[in-house]
Amino acid sequence: MARSRQGAEPRGLRELKVAVVGAGPAGFFATAELLKRADLKVQVDMFDRLPTPYGLVRHGVAPDHQSIKAIAHRYAKDAEGGGARFRLFGNVTVGRDVAVEELRERYHAIVFAFGAQSNRRLGIPGEELYGVHPASVFVGWYNGHPDCIQATYDFQIERSVVVGVGNVGLDVARVLLKSQAQLRRTDMSDVALEALRSNEIREVVILGRHTQAQATYTPSELEELAHIEDCDFVVAPRDRELDELTTRQLADGTIDPRVKKNLQIVEQKALTEPRPGRKFVRLRYFASPLEIVGEGRVEGLRIAENHVFVEDGEAKIERTPYAEVLPCGQIFRSIGYKVDPLPGVPYDDSTSSVPHEKGQILDLEGRPVPGFFVTGWAKRGPTGVIGTNKPDATETVALLFAAQAQGALGQAPLAAGVEGEIVRLLAERQVQYVSFPDWKLLDQIEVFQGKASDRPRRKFTDVPTMLKALAETKMGALPHEDLAGTGG
Ligand code: NAP
């Protein structure tokens with residue numbers, strides 16, 4: 001591949017071609033920021049490996065949180081507001097269909113917004129047993145992610161354990177405990193709805209290693225857990241105990257308001273024991289997983305009882321000699337996500353992160369890589385809610401524009417010429433990309449298909465079917481008037 005990168009971008013450039021890698025919330029917030037600039041001709045080309053945009057809004061946010069998913073309307077509005085200055089290249093895998101270096105040659109800047117794709121492992125014996133699942137795959141499965149839809153789950157069990165007290169763990173527990181009646185009006189995948197129809201789970205135990213004050217969930221999610229229909233919310237007296245730092249902060253009023261609210265919810269809403277015969281969710285603290293036990297499949301989780309102490313202003317754990325086996329038929333590890341490397345983008349193996357300074361990507365020696373920027377989970381790690389990506393994108397895009405103004409974007413030799421046109425490159429490679437208008441058609445079909453069962457949409461869950469439906473619709477197989485007015 002030819003590399004003729006000499007000198008810096010000429011000052012005062014009026015046209016700026018930007019590639020955004022990743023069509024999730026981070027990518028769309030960055031796109032909106034980029035398109036806001038009226039004094040520059042900014043062209044944004046967004047790439048995603050899936051034909052469908054919106055990333056975690058489509059495949060991460062729980063199906064019973066439709067109001068959060070509604071942010072996708074705003075992403076569409078902002079992007080479409082750019083007219084021809086915004087293009088989606090869905091179904092294009094950067095790093096496979098097109099190399100990062102090839103984007104670098106064609107764009108003045110690249111904003112990497114590819115998120116945190118893989119899940120973290122517990123690293124304990126027995127993790128390979130049938131019935132141990134990454135929460136991220138379960139979330140993808142119930143949300144119809146093509147990579148997860150083939151997963152299988154056994155719901156003919158009494159007790160599930162969720163390891164990890166973050167919002168994902170709470171989402172998983174809620175989905176396991178809600179009734180069909182509560183889930184069937186959502187956009188949950190058909191496969192998940194069908195499988196959960198015979199759900200016999202009566203009890204979900206969510207495990208945290210520290211005290212409840214160190215849990216990372218947010219009050220609104222905890223509140224929902226406390227209000228699942230026909231399900232008790234349980235925190236035993238031992239699990240309500242606090243570390244000495246939290247106790248002091250509660251007394252002197254310096255406690256984090258989120259933690260304070262969480263403690264109040266437990267105080268006001270939780271039972272200490274489930275009522276006989278009722279389904280329940282239990283939050284259990286001071287527990288570290290040691291080993292998953294079972295013959296051929298999960299039969300239990302051995303947990304150690306922790307002692308929580310405060311050192312250097314932080315709650316820490318040390319294991320006590322006490323351990324027990326918590327019998328269960330299924331375990332979800334919900335202990336966070338991990339940023340994966342993308343070939344061509346600096347990556348620090350020791351921290352599993354993309355090195356950067358406020359969104360300007362740095363090489364491994366700490367020097368800025370001209371034209372390379374990062375935002376979202378790929379920038380700050382898997383933390384924060386959907387809205388956190390907005391200020392994050394604002395910071396990154398401000399740096400990008402500052403670099404542009406200083407002529408510090410590096411050179412994109414093919415950016416101006418027709419030979420640099422990405423469409424031509426993808427056509428040469430026979431990559432069938434999905435444009436934003438194509439996605440709007442798919443969106444309309446999904447919404448249309450959901451109408452009969454009074455659901456927000458029925459999702460496509462595999463790529464070949466999406467592409468086939470798209471081709472057939474374009475050829476008129478589904479009359480367009482049938483789809484009119486169904487657009488999401
Ligand atoms: P998270 O908030 O980082 O929670 C991970 C949990 O795993 C923590 O409780 C952590 O506790 C625990 N953990 C880590 N390693 C462990 C181990 N080896 N053994 C036992 N426990 C372990 O991550 P998440 O739940 O995956 O959520 C990711 C982000 O998405 C968060 O920012 C979350 O708020 C956001 N999100 C938001 C929503 C929403 O707004 N509705 C929904 C879903 C996700 P320790 O303190 O013990 O390490």
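Reader: What is the sign of phi at Gly83, the residue that follows helix 4?

Author: Phi of Gly83 is positive, near 60°. Helix 4 is a DSSP run (helices: H or I, at least four residues; strands: E, at least two), and the runs are numbered from the N terminus. This is a predicted model, in which local features need pLDDT of at least 70, side-chain atom pairs count only at pLDDT 80 or more, and totals for chains, interfaces and linings use all residues. Residues are numbered from 1 along each chain as its sequence is written, and side-chain values use heavy atoms, without hydrogens and water.

Reader: Which residues of helix 4 are buried, and how do you know that they are on the same side?

Author: In helix 4 (residues 71-81), the buried residues are Ile71, Ala72, Tyr75, Ala76 and Ala79. They lie on the same side of helix 4 because the arc they cover around the axis is only 145°. The arc is taken from the directions that lead from the helix axis to the C-beta atoms. "Buried" stands for under 20% relative accessible area (exposed: over 50%; partly exposed: in between; 1.4 Å probe, protein chains only). As a rule, an α-helix has 3.6 residues a turn, so residues three or four places apart point the same way.

Reader: What covers that side of helix 4, and what does the face turned away from it carry?

Author: The cover includes helix 1 (25-36), helix 2 (55-59), helix 3 (66-69), strand 3 (86-89) and helix 16 (436-451). The face turned away carries the exposed residues Lys77 and Gly81.

Reader: Why is helix 6 called mostly covered?

Author: Helix 6 (residues 135-142) has 8 residues, of which 7 are buried. These are Ala135, Ser136, Phe138, Val139, Gly140, Trp141 and Tyr142. Just after helix 6 comes Gly144, with a positive phi of about 75°.

Reader: What makes Arg58, in helix 2, count as buried or exposed?

Author: Its relative accessible area is 6%, so Arg58 is buried. Contact means heavy atoms within 4.5 Å. Leaving out residues up to four places away in sequence, Arg58 touches Thr52, Pro53, Lys69, Asn143, Trp439, Glu446, Arg457, Lys459 and Phe460.

Reader: Why is the pair Arg58 and His59 called a polar contact?

Author: The two side chains make their polar contact at 3.4 Å. That fits the definition, because a polar contact is a pair of N or O atoms within 3.5 Å; within protein, one must be able to donate a hydrogen and the other to accept it, and residues adjacent in sequence count only if both atoms are side-chain atoms.

Reader: How do you know whether Asp363 is buried or exposed, and what is it in contact with?

Author: The relative accessibility of Asp363 is 17%, so Asp363 counts as buried. Asp363 sits in the loop between strand 17 (360-362) and strand 18 (368-374). A polar atom of its side chain is 2.9 Å from the backbone nitrogen of Glu365. Asp363 is also in contact with Pro346 and Val369, its neighbours within four places in sequence left aside.

Reader: Why is Ser179 called partly exposed?

Author: Its value is 26% relative accessibility, which lies between the two cut-offs, so Ser179 counts as partly exposed. Ser179 belongs to the loop between helix 7 and helix 8 (180-183).

Reader: What is phi at Asn91 and at Phe286?

Author: Asn91 has a phi near 70°, positive in a residue other than glycine. For Phe286, phi is near 60°, again positive in a residue other than glycine. Asn91 counts as buried at 14% relative accessibility, and Phe286 counts as buried at 5%.

Reader: How many residues are around the ligand, and which come nearest?

Author: There are 23, and Asn167, Arg209, Thr216, Glu221 and Gly384 come nearest. A residue belongs here if one of its heavy atoms lies within 4 Å of the ligand. Helix 7 (residues 167-177) gives the most to this shell, with 3 residues.

Reader: What are the distances from ligand oxygen to Val165, Arg209 and Gly384, and how much of the ligand is buried?

Author: A ligand oxygen is 3.1 Å from a polar backbone atom of Val165. For an N or O atom in the side chain of Arg209 the distance is 2.7 Å, and for a polar backbone atom of Gly384 it is 2.7 Å. The ligand alone exposes 910 Å², and the protein buries 81% of that.

Methods
Accessible areas come from the Shrake-Rupley method with a 1.4 Å probe; for residues, only the protein chains shown count as cover.
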